[in-house]
Amino acid sequence: MGKAEETKARIERAALTLFVARGVTETTTREIALAASIAEGTIYRHFPSKEQLAFDLFQRHHRALALTLGEAAEQANDLRGRIDAIVRCYCEWADDDWTLFAYHLLTQHMFLSQLPLDTPNPVDVLRGVIVQAMKAGEIPERDPDLAAASAIGTVLQPATYKVYGRFEGPLGVHAGYFAQAVWAVLSAPLD
């Protein structure tokens with residue numbers, strides 16, 4: 001990694017840490033520069049604005065997470081296997097870099113509407129798996145968006161609890177439990 005790439009990585013890591021602790025709006029470029037041990041002007045050599053830095057971090061993580069979840073799902077032959085693979089992958093992703101994961105979780109409402117429509121999306125990965133499973137008769141037919149939202153909530157809400165200190169430790173420890181909960185949601189009979 002060259003010096004410019006190393007500096008950019010330091011800026012991004014400092015920004016992530018501050019954005020998670022204080023919020024994007026409340027964090028200043030001066031604070032980012034101080035945390036990255038650089039002059040404030042150096043930030044602008046790499047990013048046109050703090051807002052662009054924040055968006056770039058979100059977009060890159062969002063896209064990479066979607067692609068990684070898609071690859072995990074493709075490794076399994078049935079819905080239960082895909083659920084397990086997606087949940088475990090999601091938990092590993094969170095546990096591997098909790099600060100980045102927490103940032104993505106905390107800023108999704110700020111940035112999702114700004115993403116280009118063709119950006120790979122973690123929700124679309126799960127929705128596609130659900131639609132495929134309904135067509136194959138593995139689960140009852142129902143609104144795929146409602147099914148995806150319900151399934152995602154079984155993992156996303158515990159992650160949100162972790163962000164706010166409601167529990168500690170890695171998410172991966174609970175991956176089996178989360179996968180069972182997702183299966184229960186998706187396979188539940190219709191009323």
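This passage describes the helices, aromatic rings and helix contacts of one chain.

The model is predicted. Its chain holds 9 helices and 0 strands, so the pattern read along the sequence is simply α-α-α-α-α-α-α-α-α. Taken along the principal axes, the C-alpha atoms fill a box of roughly 60 × 35 × 30 Å. Of the 191 residues in the chain, 41% are buried. Contacts that reach far along the sequence are well represented: among those between residues at least 6 apart, 72% join residues at least 24 apart.

A good place to begin is with the aromatic rings. A pair of aromatic rings is described by the distance of the centres and the angle of the planes. The chain contains 6 aromatic pairs. One of them joins Phe 58 and Phe 111, with ring centres 5.5 Å apart and planes at 40°. That angle is neither under 30 degrees, as stacking would need, nor over 60, as an edge-to-face arrangement would need, so the pair is classed as tilted. The two residues come from distant parts of the chain, 53 residues apart, with Phe 58 in helix α4 (residues 50-74) and Phe 111 in helix α6 (residues 98-111). Both partners are buried: Phe 58 has a relative accessibility of 0%, and Phe 111 has one of 4%. Together with Phe 55, these two residues form one aromatic cluster.

Phe 58 has a further link to α6 through Thr 107. This threonine lies in helix α6 and, at 4% relative accessibility, counts as buried. With neighbours within four places in sequence left aside, Thr 107 is in contact with Phe 58 and also with Val 24.

Helix α6 also packs against helix α8 (residues 144-163), with the axes 10 Å apart and at an angle of about 110°. This angle falls between 65 and 115 degrees, so the two helices are roughly perpendicular. On the α6 side, the contact involves Trp 98, Phe 101, Ala 102, Leu 105, Leu 106 and Gln 108. On the α8 side, it involves Leu 156, Ala 159, Thr 160, Lys 162 and Val 163. By residue class, the contact of α6 with α8 divides into 8 nonpolar, 2 polar and 1 charged.

Trp 98 deserves a closer look within this contact. The residue lies in helix α6 and, at 22% relative accessibility, counts as partly exposed, because the limit for buried is under 20%. Lys 162 lies over the face of Trp 98, at 4.2 Å from the ring centre. Leaving aside neighbours within four places in sequence, Trp 98 is in contact with Lys 162, Ala 159, Val 163 and Leu 171. By contrast, the C-alpha atoms of Trp 98 and Ala 188, 90 residues apart along the chain, are separated by 32 Å.

Another helix pair is formed by α5 (residues 79-96) and α7 (residues 122-135), whose axes come within 10 Å and cross at roughly 170°. The crossing angle is over 145 degrees, and α5 and α7 are therefore roughly antiparallel. Helix α5 contributes Leu 79, Arg 82 and Ile 86 to the contact, while helix α7 contributes Val 125, Leu 126, Val 129, Gln 132 and Ala 133. The residues of this contact divide into 6 nonpolar, 1 polar and 1 charged.

Definitions and conventions
Residues are numbered from 1 along each chain as its sequence is written. This is a predicted model: local features need pLDDT of at least 70, side-chain atom pairs count only at pLDDT 80 or more; totals for chains, interfaces and linings use all residues. Side-chain values use heavy atoms; hydrogens and water are left out. Rings of Phe, Tyr and Trp (its six-membered ring) pair if their centres lie within 6.5 Å; planes under 30 degrees apart count as stacked, over 60 as edge-to-face and the rest as tilted. Buried means under 20% relative accessible area, exposed over 50%, partly exposed in between (1.4 Å probe, protein chains only). A charge sits over a ring if NZ of Lys or CZ of Arg is within 6 Å of the ring centre and within 35 degrees of the ring normal. Axes are lines fitted to C-alpha atoms, for helices over the stretch in contact, and angles run from 0 to 180 degrees between N-to-C directions. Angles under 35 degrees count as roughly parallel, over 145 as roughly antiparallel, 65 to 115 as roughly perpendicular and the rest as oblique. Contact means heavy atoms within 4.5 Å. Ala, Val, Leu, Ile, Met, Phe, Trp, Tyr, Cys and Pro count as nonpolar, Asp, Glu, Lys and Arg as charged, and the others, Gly among them, as polar.
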